[in-house]
Amino acid sequence: MDQNQEKNIQHYDGVYANKTTSSILWKLDNLTEFLHDATRTDTSWVGLYYNNFQGRLKGKKVLELGCGDCTNAAVMAALGAEVYANDIAPRSGEIIEKLNSEYEFSKGIKFIEGDFLEADLGGREFDFVIGKAFLHHLEMPKEQKFLIKIAGILKDTGEARFLEPAVNSLFLDSLRWYTPVGGRPSKFNTEAFKTWKLKDPHPERDNSSCHFEEMGKKLFKEVEIIPIGVIERFHKVLPAQFDQRKFRRRAFLLEKYLPAFINRKFARTQAIIYRFPRRIE
């Protein structure tokens, strides 16, 4: 096991240690309402469920990589998919076990613990492989191995969907480090930032749209990159009295009318869709 993977296991087991199933169960019990709001308002759901993905899941066999807190795996299962969920964090498996006992899925969620590259998943069986904020955790040589295996387990008509950070402007990317967000200190706070960086599970790597296009074209016949969040990203600087969710919904609608090069250059997030795997023997 490489050092980055060990860091990821420790980090995410800690992140999910106190995660309960109550919020997930609420979403499942109010699924239509939840998805109607989330797929118009929340970046991860807007991107991953781009182009009515929820309407394509029933009866499909799906693998989610880096299932994390298991919310998306549970939603896909509630929508009628046969879901396999993989994560290196054992805590994710505990959450899935609890969800299976608390909610009546048409088919229970199957948890696959550990390194995806070592898992025996058969071949050409899956309709979809999903990853939300997953690929950018991989060092780039390992990412290539993952994509080769993903192409090998998808059906000929299969599709891989990922939601990842978009770094297409080095200037904007360098600026963001100086703004404190969540548990990340500003780069102006030199010592605190250095301490945070040592614990950060993300490797230094290329997260540009060009990189993901280049990787995808080697293994898939069709590649689509959807930039997300050019305008929506500014919700973080709105005064408290503003309705942030309303702003975000409007922002996502307005972004569709921006020139493609603006969206591509300044998006903070991107949905990556790889369709029709090439067969490499």
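This passage describes three helix contacts and one pocket in a predicted model.

Helix α2 spans residues 22-29, and helix α5 spans residues 71-78. Their axes come within 10 Å and cross at roughly 25°. Angles under 35 degrees count as roughly parallel, so α2 and α5 are roughly parallel to each other. The crossing of the two helices is right-handed. On the α2 side, the contact is made by I24, K27 and L28. On the α5 side, T71, A74, V75 and A78 take part. By class, the residues of this contact are five nonpolar, one polar and one charged.

Helix α2 also packs against α3. Here the angle is about 100°, and the axes lie 5 Å apart. Angles of 65 to 115 degrees count as roughly perpendicular, so α2 and α3 are roughly perpendicular to each other. From α2, the contact draws on W26, K27, L28 and D29. From α3, the contact draws on L31, E33 and F34. Four residues of the contact between α2 and α3 are nonpolar, three are charged and none is polar. K27 and L28 appear in the contact with α5 and again in the contact with α3.

A further pair is formed by helix α7, residues 140-153, and helix α10, residues 209-219. They pack at an angle of about 40°, with axes 10 Å apart. That angle makes α7 oblique to α10. The crossing of α7 and α10 is right-handed. Helix α7 contributes M140, E143, Q144, L147, I148 and A151 to the contact. Helix α10 contributes H211, F212, M215 and L219. The residues of this contact divide into seven nonpolar, two polar and one charged.

Attention now turns to the second largest pocket. It holds about 470 Å³ of space. Its lining consists of 19 residues. Of these, V46, Y50, F252, L253 and K256 lie nearest the pocket centre. Five elements each give two or more residues to the lining: α3 (31-41), α4 (43-48), β6 (220-228), α11 (244-255) and α12 (260-266). The largest share comes from α11, which supplies four residues. By class, the lining of the pocket has nine nonpolar, six polar and four charged residues. Helix α3 thus links two parts of this account: α3 contributes to the pocket lining, and α3 packs against α2.

Notes: Residues are numbered from 1 along each chain as its sequence is written. This is a predicted model: local features need pLDDT of at least 70, side-chain atom pairs count only at pLDDT 80 or more; totals for chains, interfaces and linings use all residues. Side-chain values use heavy atoms; hydrogens and water are left out. On a 1 Å grid over the protein atoms alone, a cavity is a set of points where a 1.4 Å probe fits but cannot get out, and a pocket is an open set with protein on both sides within 12 Å along at least five of seven lines; lining residues have an atom within 4 Å of a point. Grid points are joined across faces, edges and corners, and a volume is the space filled by probe spheres set on the points. Ala, Val, Leu, Ile, Met, Phe, Trp, Tyr, Cys and Pro count as nonpolar, Asp, Glu, Lys and Arg as charged, and the others, Gly among them, as polar. Axes are lines fitted to C-alpha atoms, for helices over the stretch in contact, and angles run from 0 to 180 degrees between N-to-C directions. Angles under 35 degrees count as roughly parallel, over 145 as roughly antiparallel, 65 to 115 as roughly perpendicular and the rest as oblique. A crossing is left-handed if the near helix is turned anticlockwise from the far one by less than a right angle, and right-handed if clockwise. Contact means heavy atoms within 4.5 Å.
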